[in-house]
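This report describes the structure shown below. It is meant to be read with the sequence and the coordinates at hand.

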Amino acid sequence: MLYYFGFRRLRTLLALVPLLLFSALAARAQRPPLLRELSLRTDTTTYYLSRNTVTVQEEPHFYFYYRPGDDTAELRATPADPSAGTLSLQRSADFTLLDSLTPVAGGQYYRAKLRFTNLADVRFLSLTFRQAAPDSAGARVQTVRLLPVSRTTLELRPTDTDLFVGEEKVFELSSNNPKNIRLSPEWTHGQDIDYRFDQEKGVLRLHVLANAPGNRVLTLRPQTERPFLTDNNRRVTYALPPLRQEFTVKSSRLRFLSVDKKEITLDEDSRRKGVELILDNGRTFDLRHTYRIEDQEEAGGALIAEVFTRQYLTNDRVLCWLRVYNTHRQADSYLYIKENDQAKYITNFNISPQTTVTALSVRHRGGDWTSSNTVNPGETVDVRLEGVSLLRGRFHFEDVRVVPSDSSVRSDAAVVYRVQVPIGIDKKRVAIDNAGQPTDFALTVREFQRPHPLDFVGVTFGETVRPVTRLNGPILYDRTIRDVVFSFNAGAIDSERQLYGKQHLTFEIRTQNAKGDLIEMRTIDNVVVCPDGSSVRAAFYQDKQCQVGNLSLNNLLSARKTYDLDDWSKIIVTIKHTQAQYQEPGFTQRLELVLQRRVKFDIDVSFPAGLLTKQLGGGEANNYTAFSGISLATLAQFSFYNPNKINKLRPYKVGAGFVALNAFNLNSNANAARDLGLVVLGSVYPTRSDAKLTFPLYLGAGYLVNKGKLFFLFGPGIGIRL
């Protein structure tokens with residue numbers, strides 16, 4: 001019974017599998033590709049994404065052929081749905097957009113012109129297109145992987161096909177793209193003719209070394225750096241067609257004796273104690289005898305080494321001691337084993353100086369080579385070692401990872417390693433060893449010290465804390481500024497992917513009165529803000545100079561505090577990075593606070609002249625008075641500031657006080673009426689701020705003290721500004 005129910009459940013699950021697969025495929029099919037077509041036009045040919053696609057490492061690649069010097073191309077992209085949004089091309093370090101991606105024919109397709117950086121060396125080249133959606137569905141992105149391919153040819157046309165056993169010979173190779181030929185500094189082994197490739201001054205060279213006499217065929221199997229496509233099935237390959245060349249290998253005039261070691265190091269031990277060496281039996285060798293090795297067959301050659309025969313071996317070879325005194329390369333000449341200045345045999349091996357590093361340089365990503373040995377945590381850098389005999393060195397970088405790189409340079413004079421420094425490294429020095437022995441060079445680990453945007457600096461002057469980067473332009477504040485306090489968000493400096501390190505800031509503080517005169521100026525140098533414990537490098541930022549707590553402006557000002565400043569005074573604070581602490585330009589932010597006032601109260605003395613007054617009560621003949629002489633007004637007056645301007649008054653005032661009517665009588669009638677009035681008076685002043693003499697207009701009402709009547713008045717006046 002249990003078996004029956006289990007079998008039914010299994011059948012049900014199996015029946016659901018096709019349905020689930022169909023749902024997944026249908027969901028995937030609902031998302032069509034962003035591009036309907038993509039074309040790339042070079043000088044002579046146009047390539048299309050729909051036609052020129054090949055699969056590399058299980059991923060489709062858009063391939064195109066290039067020649068050395070071809071770096072400019074025209075790009076044309078046709079979106080699948082032009083109405084879905086604007087198409088854009090994301091920027092990359094592998095190419096430069098000469099013309100931006102421009103819509104043509106109402107957005108039916110887009111066209112751009114770009115220049116590739118270096119097609120011969122670039123890896124993982126791709127174009128990423130983005131289409132911004134007008135609705136809330138989100139933007140769509142499609143990445144097209146590019147595969148630059150090259151038709152590379154390689155030819156060997158030797159002028160001399162005669163070789164000698166044990167003799168290294170060099171031939172020049174011709175190619176239409178020499179940089180695309182993969183070099184092989186190591187010799188092949190076990191062939192009739194061993195070979196290797198190298199390049200010198202831009203010329204490809206083939207080194208051959210014959211091992212057996214007779215007619216021998218050399219078969220070369222060269223490889224390329226950039227791939228190409230086979231003509232029949234469009235597969236990607238790096239192998240060029242084999243090159244075959246027949247040579248006539250002759251025996252040497254002197255018998256060639258092979259050795260078991262092809263590389264000998266010239267150092268103190270090999271010069272005094274010697275190196276154990278196994279040499280072919282020369283038949284005429286005498287045991288316990290020293291033979292001289294020179295680099296020429298004639299007498300008087302330079303002493304290269306000495307060989308001392310010790311004993312015969314069962315395989316017809318001789319065990320010897322070899323003491324070396326000079327360097328030698330196999331490509332330079334043979335080595336002649338002599339007795340009494342007479343050459344008996346020839347041999348050949350390399351005698352190289354001891355591996356020595358004489359210089360170290362570092363190149364940070366996107367920069368140039370520098371002699372500084374400093375690196376930063378989490379950084380990937382290229383390290384170049386210069387010296388002698390470096391190919392024989394076995395270098396090791398302590399506690400860092402060496403990243404394999406296709407563009408690494410390796411020669412006897414210089415080697416380049418790509419080194420990745422762990423972000424959590426706890427050492428200040430990365431030692432560089434050679435075969436377990438320390439060299440005189442090392443990498444110094446220094447914390448990142450890059451200027452961070454000043455959004456981690458906050459300020460408050462009576463309101464909530466706000467980043468200083470959001471306060472642009474003058475800030476009008478109409479209340480008393482009790483204090484200006486700067487705070488620092490240390491957790492916003494370092495992130496998981498971006499490290500900036502300590503931030504060295506300088507605060508320049510100035511206070512000015514309403515006329516712009518300087519009240520006080522202070523400069524606070526080298527305020528150090530360290531990232532807090534959320535940073536992965538927090539333990540290495542600990543410093544007594546790190547700013548703890550907030551920075552109060554009143555604690556720094558001595559002449560006048562912020563709450564003692566007069567109306568329309570200014571507090572100007574300039575925050576900037578201390579440039580001496582950085583190798584790149586820092587950031588600067590200016591904060592300007594203005595003590596704004598809405599209303600101004602003052603006692604004003606003015607001289608209304610030619611006032612027209614109307615008295616209430618009495619006969620009609622006495623209701624209006626003639627234009628009088630100059631009056632004297634003393635008013636407690638309110639002035640109003642323009643809220644959108646700094647220290648600019650509106651053209652009107654309102655006040656209350658006393659008016660002595662006709663105080664200065666200009667009438668010939670000595671009995672002209674004078675009176676004293678209590679008034680509420682409004683005045684309109686000219687808007688010019690630089691005028692010393694003004695003529696305002698007055699309008700108001702009041703009470704005549706002598707007559708006991710209410711009255712209205714209107715007329716001009718004279719104002720004097722001191």
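The text goes from the chain as a whole to its sheets, salt bridges, a surface patch and a single loop residue.

The model is predicted: local features need pLDDT of at least 70, side-chain atom pairs count only at pLDDT 80 or more, and totals for chains, interfaces and linings use all residues. Residues are numbered from 1 along each chain as its sequence is written, and side-chain values use heavy atoms, with hydrogens and water left out.

## The chain as a whole

The chain contains two helices and 53 strands, where helices (H or I, at least four residues) and strands (E, at least two) are DSSP runs numbered from the N terminus. Of its 722 residues, 41% are buried; here buried means under 20% relative accessible area, exposed means over 50%, and partly exposed lies in between (1.4 Å probe, protein chains only). Among contacts with a separation of 6 or more, 61% join residues 24 or more positions apart, a contact being heavy atoms within 4.5 Å. The chain exposes about 41,000 Å², and carbon and sulfur atoms supply 50% of that area; accessible areas come from the Shrake-Rupley method with a 1.4 Å probe, and for residues only the protein chains shown count as cover.

## Two open sheets

Strands of a sheet pair through backbone hydrogen bonds, either parallel or antiparallel. Two strands are taken as paired if DSSP finds at least two bridges between them.

One open sheet has five strands with mixed pairing, in the order β3-β4-β10-β9-β6. Its edges are β3 (53-56) and β6 (87-89), and each has a single partner strand, so one side of each is left without a neighbour in the sheet. Neighbouring strands of this sheet are turned by 40° against each other on average, direction ignored; axes are lines fitted to C-alpha atoms, for helices over the stretch in contact, and angles run from 0 to 180 degrees between N-to-C directions. At one edge, β6 pairs with β9 (residues 126-131) in the antiparallel sense over three bridges, and Leu-87 has Gln-131 in β9 as its bridge partner.

Another open sheet, also mixed in its pairing, has five strands in the order β39-β45-β44-β41-β42. The edge strands are β39 (474-477) and β42, each of which pairs on one side only. The average turn between neighbouring strands of this sheet is 15°, direction ignored. Strand β39 and strand β45 (residues 588-595) pair in the parallel sense over four bridges, with Leu-476 opposite Val-594 in β45.

## Salt bridges

Side chains of opposite charge can pair when their charged atoms come close. A search of the whole structure finds 29 salt bridges, each defined as a side-chain nitrogen of Lys or Arg within 4 Å of a carboxyl oxygen of Asp or Glu. The table lists examples.

| Basic residue | Acidic residue | N to O distance |
|---|---|---|
| Lys-250 | Asp-162 | 3.6 Å |
| Arg-216 | Asp-192 | 3.4 Å |
| Arg-590 | Glu-592 | 2.9 Å |

Lys-250 forms a salt bridge with Asp-162, and this pair links distant parts of the chain, with Lys-250 in strand β19 (residues 243-250) and Asp-162 in strand β12 (residues 162-164), 88 residues apart. Lys-250 is partly exposed at 38% relative accessible area, and Asp-162 is partly exposed at 26%.

Arg-216 and Asp-192 meet through their side chains; this pair likewise links distant parts of the chain, with Arg-216 in strand β16 (residues 214-220) and Asp-192 in the loop between β13 (168-175) and β14 (193-200), 24 residues apart. Arg-216 is partly exposed at 24% relative accessibility, as is Asp-192 at 37%.

In the pair of Arg-590 and Glu-592, Arg-590 is partly exposed at 40% relative accessible area, whereas Glu-592 counts as buried at 9%. Elsewhere, Arg-363, Arg-365, Asp-382 and Arg-418 are linked in a network of salt bridges.

## A nonpolar patch and a loop residue

Leu-616, Phe-658, Leu-676, Leu-678, Tyr-703, Val-705, Leu-710 and Phe-712 make a nonpolar surface patch of about 700 Å². The elements that give two or more residues to this patch are β50 (675-684) and β53 (709-720). Patches are made of residues with over 30% relative accessible area and no salt bridge, with like charges joined within 9 Å and nonpolar side chains (Val, Leu, Ile, Met, Phe, Trp, Tyr) within 5 Å. Leu-678 lies in strand β50 and is partly exposed, with a relative accessible area of 38%.

Asp-517 is found in the loop between β41 (503-512) and β42 (518-529), and at 43% relative accessibility it counts as partly exposed. Leaving aside residues up to four places away in sequence, Asp-517 touches Thr-511 and Gln-512. Asp-517 and Lys-570 are 53 residues apart in sequence, and their C-alpha atoms are 9.9 Å apart in space.
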